[in-house]
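Here is my note for you, point by point. Keep the structure open as you read.

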Amino acid sequence: MGGCHPVRHSRVVTLTASYTSSGTAAPEPVGPVMAFVRFVVCGGGVGLLSSGALLLAAGRLPLAVANAVVAVVSTVVATELHGRFTFRGSRPGGSRPGRREHLQSALTAAVGYLFTTGALLALHALVPAPSALLAQAVYLLASALAGVARFAALRFVVFASAPVPEPAVAVPPVRLVRASVMAVA
């Protein structure tokens with residue numbers, strides 16, 4: 001039973017691309033785990049830099065003024081980082097956060113501040129003279145809860161993906177066909 005029987009194998013791959021009006025490729029959305037990791041890294045980095053800036057400014061300005069300046073500057077910097085890096089795929093073209101995003105982000109920071117302050121006030125109301133360790137534990141727990149809530153607000157409200165009907169420049173799908181012929185003897 002000899003003979004030659006051609007067998008044809010082919011694979012079709014369809015590629016599509018989305019481009020912004022400026023001609024750059026649209027960034028891929030960031031998954032929730034990676035977005036949270038980036039949120040922690042960016043927010044934590046800004047927090048560490050802010051604490052150093054507060055120490056430097058506290059000697060030159062009253063503590064409350066220095067804290068207010070550092071809080072405003074760090075919120076603006078963190079919002080820029082979150083808009084450009086943490087949630088970059090959420091906005092068309094990965095553009096910079098606008099006034100709306102900055103105001104909403106500032107509101108989430110203010111709510112976090114009120115929550116952590118409330119937790120410490122509640123601790124002092126319940127325990128007249130809490131130890132430094134207990135106060136720090138309450139503050140860190142409240143900060144962690146506020147941080148998770150802030151992440152959710154930034155991801156699902158402030159930097160939420162707006163439904164975009166079509167990219168500014170639509171590129172038709174490209175079909176790549178790979179075919180091979182194999183002869184069996």
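1. Start with the core. The model is predicted, and its largest nonpolar core holds eight residues. They are V30, A35, F39, F87, F151, L154, V158 and F159. Two elements, α1 and α4, each give two or more residues to this core. The largest share comes from α4, with three residues.

2. Now pick out F87, a member of that core. Which residues does F87 touch, leaving aside those up to four places away in sequence? The list is A35, H82, F151, L154, R155 and F159. Of these, A35, F151, L154 and F159 are also named in the core.

3. Next, look at how α1 and α4 pack. Helix α1 spans residues 32-58, and helix α4 spans residues 132-158. Their axes come within 11 Å and cross at roughly 120°. The two helices are therefore oblique to each other. Their crossing is right-handed.

4. Which residues make this meeting? On the α1 side they are P32, A35, F36 and F39. On the α4 side they are G147, R150, F151, L154 and R155. By class, this contact has six nonpolar residues, one polar residue and two charged residues. Note the link to point 1: A35, F39, F151 and L154 belong to the core as well.

5. Turn to the other helix pair, α2 and α3. Helix α2 covers residues 63-86, and helix α3 covers residues 99-126. Their axes come within 10 Å and cross at roughly 120°. That angle makes α2 oblique to α3. Here α2 passes α3 in a right-handed crossing.

6. From α2, the contact uses T75, V76, T79 and E80. From α3, it uses E101, H102, S105, A106 and A109. How do these residues divide by class? Three are nonpolar, four are polar and two are charged. Set that beside the contact of α1 with α4, where six are nonpolar and one is polar.

7. Now step back to the whole chain. There are four helices and two strands. From the N terminus on, the order of elements is β-α-α-α-α-β.

8. Finish with two overall values. Buried residues make up 23% of the 185 residues in the chain. Take the contacts with a separation of 6 or more: 75% of them join residues 24 or more positions apart. The meeting of P32, A35, F36 and F39 in α1 with residues of α4 is a good place to look at next.

Technical notes:
Residues numbered from 1 in each chain as written. Predicted model: local features only at pLDDT ≥ 70, side-chain atom pairs only at ≥ 80, totals over all residues. Heavy atoms only, no water. Axes fitted to C-alpha atoms, helices over the stretch in contact; angles between N-to-C directions. Parallel < 35°, antiparallel > 145°, perpendicular 65-115°, else oblique. Left-handed = near helix turned anticlockwise from the far one by under 90°. Contact = heavy atoms within 4.5 Å. Nonpolar A, V, L, I, M, F, W, Y, C, P; charged D, E, K, R; others polar. Core = buried A, V, L, I, M, F, W, Y, C linked by side-chain atoms within 4.5 Å. Buried < 20%, exposed > 50% of the residue type's maximum accessible area, 1.4 Å probe, protein only.
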